[in-house]
Amino acid sequence: MWGGRFSDGPSAIMREINASIPFDKALWRQDIAGSRAHVAMLAAQGIVSTEDAEAIDGGLKTITAEYESDGVPEDWNLEDIHMTVEARLTELIGPVAGRLHTARSRNDQVATDFKLWVREAFDQMDAGLAELQRALVTRADEHTGSVMPGFTHLQTAQPVTLGHHLMAYYEMLRRDRSRLADARVRLNESPLGSAALAGTGFPLDREMTANALGFDRPTANSLDAVSDRDFAMDFLFAASTCAVHLSRLAEEFILWASQPFGFVTMADALSTGSSIMPQKKNPDAAELVRGHAGRVIGCTTALMVTMKGLPLAYSKDMQDDKPPVFEAASLMALSIAAMTGMVAGSTFKTERMRQAAELGYATATDLADWLVTEADIPFREAHHITGAAVKLAETRGCALDELPLEDLRDIDARIDERVFAALSVDASVAARASYGGTAPEQVKAQVKRARTELGMDE
């Protein structure tokens, strides 16, 4: 490949450290697509003959069929997927295969291949997240009025509805999908035709190849085009944030499935048992999703550190750009699928959720609010009065709405029998009817909007 510049071939160590075919063979479809677009443009511009272009395109079609059937061979002497394809093309059609690399470098070739791969990864992740959103919305629709405790600091705070809780994750994923969409727009410029770093003297039609490969336009600067990996970091940034959201949802299910909570029964298909304790049903899928988040974040860090000190243009360090992206994409696909199955297949124990909400003095804020609105008491004083009522209820081992009116009036004489209408968990959630609140009517509105956004009723 390097022609007459070197008198000796690479050592075994150099061959091993230099070879990327074990992982970049994943780019074979993108590499062949880019080559077919490139040779079609070369023929249209009169840079290669129509006859040669047809021979090259026919050979690339044959290689496609071979790789589809038998996979990509790994010859470390050929280094990478680009030379692997070119070597096989030469075997099939002879020296004319060498014309394919006219006005092209492996630098713009790999940048193009990698962009095409990452663009597909964006689309696949987006489709997976849409499915998870549909699962969340479906379950939220079933539980717009199911009361559960809402937590801050993992302490019972105020009653919410299960539907509202699930829709919070819908919103997180909506932002995740918007990040994917934004990054995809930035990615969609074609590096092909930038050559090694300075462009080329051949009369290329870069608009033609960009259009053929589904890009919006060609890149504007050849130095930037061959050395840019922002699109890969954008993918990893978006994946890392999404992985954090998935990890938080997984943690909810892990907690809820534990016996002290008892809020959910996980599907058998996404649980495991114990080798020694026959009663165990472990939420291993959720725990692995939680663990995968750390690996995805690690992939992001790995690529950022690889890129941080590289001068323009291409450096061999950038060969290490693909493994972290490939790993993160695979982990995200698994995590999204697991969480979709978990949301769709779990059984929510709504009676247990309601009991927990009722036992946790979750309506204390409602008592304070009632004192403000009905008894015209300043909130700070109402807060103090409510604290005293909670302390009394704790002493008695009862809920706030089970305290006798006489005992409440002993705490503050301005309390009357109307207060009990505000102290049930149902009254509490119904009162939170501000836009975006947990009231069942608001959750139904959230669900309706989400179903429209996802096209679920079309």
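User: Is alanine 195 buried or exposed, and what cut-offs decide that?

Analyst: A residue is called buried under 20% relative accessible area, exposed over 50% and partly exposed in between, with a 1.4 Å probe and protein chains only. Alanine 195 has a relative accessible area of 8%, and therefore counts as buried. This is a predicted model, in which local features need pLDDT of at least 70 and side-chain atom pairs count only at pLDDT 80 or more, while totals for chains, interfaces and linings use all residues. Residues are numbered from 1 along each chain as its sequence is written, and side-chain values use heavy atoms, with hydrogens and water left out.

User: Where does alanine 195 lie, and what is its phi?

Analyst: Helices (H or I, at least four residues) and strands (E, at least two) are DSSP runs numbered from the N terminus. Alanine 195 is in the loop between strand E3 (189–190) and helix H8 (206–212), and its phi is near 60°, a positive value in a residue other than glycine.

User: Which residue just after H14 takes a positive phi, and is it buried or exposed?

Analyst: That residue is aspartate 376, with a phi of about 55°, and it is found in the loop between H14 and H15. Aspartate 376 counts as exposed because its relative accessibility is 68%, whereas alanine 195 is buried at 8%.

User: How should I read the length of helix H14 itself?

Analyst: The expected span of a helix is 1.5 Å times one less than its number of residues. Helix H14 (residues 364–375) has 12 residues and should span 16 Å, and its end C-alpha atoms are 16 Å apart, so the two values agree. Within H14 the buried residues are Ala364, Asp366, Leu367, Ala368, Trp370, Leu371 and Ala375. Their cover includes helix H15 (379–396) and H17, where contact means heavy atoms within 4.5 Å.

User: Which residues does serine 428 in H17 touch?

Analyst: Serine 428 is placed in helix H17 (residues 425–431) and, not counting residues up to four places away in sequence, touches Pro159, Thr363 and Asp366. Serine 428 counts as buried because its relative accessibility is 1%. Asp366, one of the residues touched by serine 428, is itself among the buried residues of H14.

User: How do strands E1 and E2 pair, and over how many bridges?

Analyst: Two strands pair if DSSP finds at least two bridges between them. Strand E1 (residues 147–152) and strand E2 (residues 155–161) pair in the antiparallel sense over six bridges, and threonine 152 has glutamine 155 in E2 as its bridge partner. The hairpin of E1 and E2 has two residues between the strands, and histidine 153 there takes a positive phi near 60°.

User: What covers the buried residues of helix H5?

Analyst: The cover includes helix H2 (21–24), helix H3 (28–44), helix H4 (50–70) and helix H6 (106–142). Helix H5 (residues 81–93) has 13 residues and reaches 18 Å from its first C-alpha to its last, close to the 18 Å expected; its buried residues are Ile81, His82, Met83, Thr84, Val85, Glu86 and Leu89.

User: How many disulfides does a search of the whole structure find?

Analyst: A disulfide is a covalent bond between the sulfur atoms of two cysteines, and the search takes it to be a pair of cysteine sulfur atoms within 2.5 Å. The whole structure yields zero disulfides. For cysteine 242, the nearest cysteine sulfur is that of cysteine 299, 14 Å away. Cysteine 242 is buried, with a relative accessible area of 0%, and cysteine 398 also counts as buried, at 17% relative accessibility.

User: Where is there a cis peptide bond?

Analyst: A cis peptide bond joins leucine 312 and alanine 313, with omega about 10°. Alanine 313 lies in the loop between helix H11 (284–307) and helix H12 (322–345).

User: What do the radius of gyration and the box say about the chain?

Analyst: The radius of gyration is taken over C-alpha atoms, and the globule rule is 2.2 Å times the number of residues to the power 0.38. A compact globule of 458 residues would have a value near 23 Å, but this chain has 30 Å; its C-alpha atoms fill a box of roughly 100 × 50 × 45 Å along the principal axes. The chain has 18 helices and six strands, and buried residues make up 48% of its 458 residues. Among contacts between residues at least 6 apart in sequence, 75% join residues at least 24 apart.
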